[in-house]
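Please open the structure in your viewer and keep the sequence beside it, since this tour moves from one selection to the next.

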Amino acid sequence: LTRLKHLHWQGNHISGSLPPALANMTALEDFNVAYNLINGTLPPIGRPRTLRTLNVGFNLLTGSLPSYFLTLDGLVTLNVARNLLRSSAPSFSVDSSVVNLIFDDNRFTGTIPDCYYRHMPRLSFLSLQNNLFHGTLPAAIGQLTALRNFYVGNNYLVSSLPAELFTLTSLSILSLDYNFFNGSLSSNVSRLASLRVLNVAYNEMTGTVPAAIGRLSNMTRLYLCGNHFHGAIPADLGDLRLLRYLLLNANLLTGTIPASFTQLTNLGWFYASENQLSGDLYAILTAMPKLIDVVMFSNAFTGPLPYNADWRDLLSLSFGFNYLTGSLRLTAKQVTKLVYVDLSKNLLSTTLPAWTLQARHLSYFYMNENFVHGTLPQRSVTATALVELWMDGNVLTGTLPAAIGNCSFLQLLRV
């Protein structure tokens, strides 16, 4: 098959090892055998200035990755994701033509070789996440001036973020989650004007959340959760009008949610749980019609739930361990898709509306330790997806509705 240019066998059940004879396919431009069951080591494939794409991702390859591929002149995409490769990442000493480099979900060890920063001038997409890399991000990262997407999450990288990282003005996605990065997040992050995703979740970062993030008008996802950020949430974050995901949970944030957040009308996922936040969220949440997942537990929020919010896609509402007051006045329209509700350990004084036992998708409902009174709704029970229902620690009277027996998935009932 010396004239074959394109070999696409992805998504089958091919097993066995790759034969050394693949090196003889001198006309090969694209080699794609991803999503199979191929094992063994990776032999040389293709020829310089001919092979452009090598995709062996999602297989069972073992051993090390030959440096041959990174020095193959003309290669644009190298994808070895989701294999069983276990070695240090290959080093090389000449400039590489690779534009897209994907090493995800292997067992690469050691530090990220310096040549990945100094000898990959065309690199645009670099994904090294879910490996065993350790060490730091060096100042040399500033040489990757073409870099648009950088994923290095779930490794063992340490130290503060180098200033040179914030000179990469082409960056669109910066994902550094689940490492051990420390120090503050520089206000120079505002220089990354093209940034759509910033993810520094679950590191050891400290300091305050920089107000300069609010200048990143293209931002759609902001993950700051699981760090040690303290102080107030900057009002400037309310300028991120395109934001869909905002995760601030598991920090040391204080104060209130800024009134400017009423401008975040595209927000779908809003997490601020496990902080020291307070205040009334009624007006802010009412202004967010596209909310899907709201997680605010373990704070000191007060006031009522927004009963007139135009929520049509809400799946999860978590406000446990706060100081909410008032009644449970959510309407049937707001809870049509609701799966999870946690209002436990608040100060709600209410009777239960009929939807609590009628919402067809509701699986988990926690309202224990409030001041719920009256009886459980006695009308037909159609919440047949219920798995857990916690109502203990209230002042309920009456009897359980007989139709609760229709909830065939129910595993835990606390009344």
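How many bridges join strand β19 to strand β21, and do the two run parallel or antiparallel? As you look, bear in mind that this is a predicted model. Select residues 230-232 for β19 and residues 252-256 for β21, and you will find three bridges between these strands, which run parallel. Within this pair, His 230 stands opposite Leu 252 of β21.

Next, keep β21 selected and add strand β23, residues 276-280, which runs parallel to β21 and is joined to it by three bridges. Here you can pick out Thr 254, whose bridge partner in β23 is Gln 276. In general, the strands of a sheet pair through backbone hydrogen bonds, so showing the backbone is helpful at this step.

Now move to an open sheet of five strands, which follow the order β9-β11-β13-β15-β17 with parallel pairing. Its edge strands are β9 (109-110) and β17 (204-206), each of which pairs on one side only. Inside this sheet, select β13 (residues 156-160) and β15 (residues 180-184), which are joined by three bridges, and look for Ser 159, whose bridge partner in β15 is Phe 181.

Finally, turn to the largest nonpolar core, which has 119 residues, and select Phe 31, Ile 213, Phe 270, Phe 319 and Phe 365, the residues with the most contacts inside it. The elements giving two or more residues to this core are α1 (115-118) and α2 (282-286), and α1 gives the most, with three residues. Centre the view on Phe 365, which touches several residues distant by more than four places in sequence, including Leu 328, Val 341, Trp 355 and Trp 390. A second, separate core of twelve residues includes Val 197, Ala 201, Tyr 271 and Ile 292.

Key: Residues are numbered from 1 along each chain as its sequence is written. This is a predicted model: local features need pLDDT of at least 70, side-chain atom pairs count only at pLDDT 80 or more; totals for chains, interfaces and linings use all residues. Side-chain values use heavy atoms; hydrogens and water are left out. Two strands pair if DSSP finds at least two bridges between them. Helices (H or I, at least four residues) and strands (E, at least two) are DSSP runs, numbered from the N terminus. A nonpolar core is a set of buried Ala, Val, Leu, Ile, Met, Phe, Trp, Tyr and Cys residues joined through side-chain atoms within 4.5 Å. Buried means under 20% relative accessible area, exposed over 50%, partly exposed in between (1.4 Å probe, protein chains only). Contact means heavy atoms within 4.5 Å.
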